[in-house]
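Reader: I have a structure to study and would like to go through it with you. Could we begin with one residue and work outward?

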Amino acid sequence: MSADLLNLLAKATLMTLGVALASLVIGMILSIIFVVLETSKIACVRKPTTIMITLLRGLPEILVVFLIYFGLVQVIFLITDEFAELNAFWCGSIALGIIFAAYASQSLRGAIKAIPVGQWESGAALGLNRGQVFVRIVLPQVWRHALPGLSNQWLVLLKDTALVSLIGVDDLMRQSELINANTHQPFTWYGIAALIYLAITLISQRIIKVLEARFTRFERGVA
């Protein structure tokens, strides 16, 4: 087993983690925006957002990736009449972030509903508007309720990063395919990739348990 090939897999693993983390950041920002829009009292804002989220949840993930990467190229060409070469890493991260946000927004929305109405009323009594109450009082409490759902979505996101290999991102899956094409040892290299994915998942689960313990320490009476 060549050290050079293992080095390639190590770099590909870092690329996979980079895609996952970039998608997570993009997805969390979008999910908060989706929640704000979907819970808006303005119907012309709330209804289109709900429809969009429903459509995103109903589409295959790979289709969203292709639409973002190849579709944007066509849209830019139609607008500017010029061909644009998009960055596969960021297109993949944005696509996965959008998919993550479509599901994570529902976890956040459920967590917001779990916050007692009295919290909103108390904030209003202090002279805060609805936006200030949400940011200063509600949002810090939301993470405790939303963490289990968000954790599951993170684990799904880790596996979905393999989809970006189809648009040319040199991630773990793509590098495994390239190495296999040269060595004709699919079991060996796909097996190593599987072990790496499993290791990342196990480490993530450990971090998630630490976060859950931290967010629930007050409920358990731990200072």
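**A conversation about selected residues**

Author: This is a predicted model. I79 has its place in helix α3, which covers residues 61–80.

Reader: Is I79 buried or exposed?

Author: I79 counts as exposed, because its relative accessibility is 68% and the exposed class begins over 50%.

Reader: Which residues make the nonpolar surface patch with I79?

Author: V75, F77, L78 and F83 join I79 in that patch, and its area is about 580 Å².

Reader: Now to S105. Where does S105 lie, and is it buried or exposed?

Author: S105 belongs to helix α4, residues 88–114. S105 is buried, since its relative accessible area is 0%.

Reader: Which residues does S105 touch, leaving out those up to four places away in sequence?

Author: On that count, S105 touches S31, F34, V35 and I53. The C-alpha atoms of S105 and I32 are separated by 6.6 Å, although the two residues are 73 apart along the chain.

Reader: What does the side chain of S105 reach?

Author: The side chain of S105 reaches the backbone oxygen of A102, at 3.1 Å.

Reader: A different topic: how many aromatic pairs does the structure hold?

Author: The structure holds three aromatic pairs. In one of them, the ring centres of Y69 and F70 are 4.9 Å apart and the planes stand at 75 degrees, so this pair is edge-to-face.

Reader: Are Y69 and F70 buried, partly exposed or exposed?

Author: Y69 counts as buried at 17% relative accessibility, whereas F70 counts as partly exposed at 47%.

Reader: Which residues do ring pairs link into a cluster?

Author: Ring pairs link F66, Y69 and F70 into a cluster.

Key
Residues numbered from 1 in each chain as written. Predicted model: local features only at pLDDT ≥ 70, side-chain atom pairs only at ≥ 80, totals over all residues. Heavy atoms only, no water. Patch = residues over 30% accessible without salt bridge, like charges linked within 9 Å, V, L, I, M, F, W, Y side chains within 5 Å. Areas by Shrake-Rupley, 256 points an atom, 1.4 Å probe, with all protein chains shown as cover. Salt bridge = Lys/Arg side-chain N within 4 Å of Asp/Glu carboxyl O. Helix = DSSP H or I, 4+ residues; strand = E, 2+ residues; numbered from the N terminus. Buried < 20%, exposed > 50% of the residue type's maximum accessible area, 1.4 Å probe, protein only. Contact = heavy atoms within 4.5 Å. Polar contact = N/O pair within 3.5 Å; in protein donor to acceptor, adjacent residues only side chain to side chain. Phe/Tyr/Trp six-rings, centres within 6.5 Å; stacked < 30°, edge-to-face > 60°.
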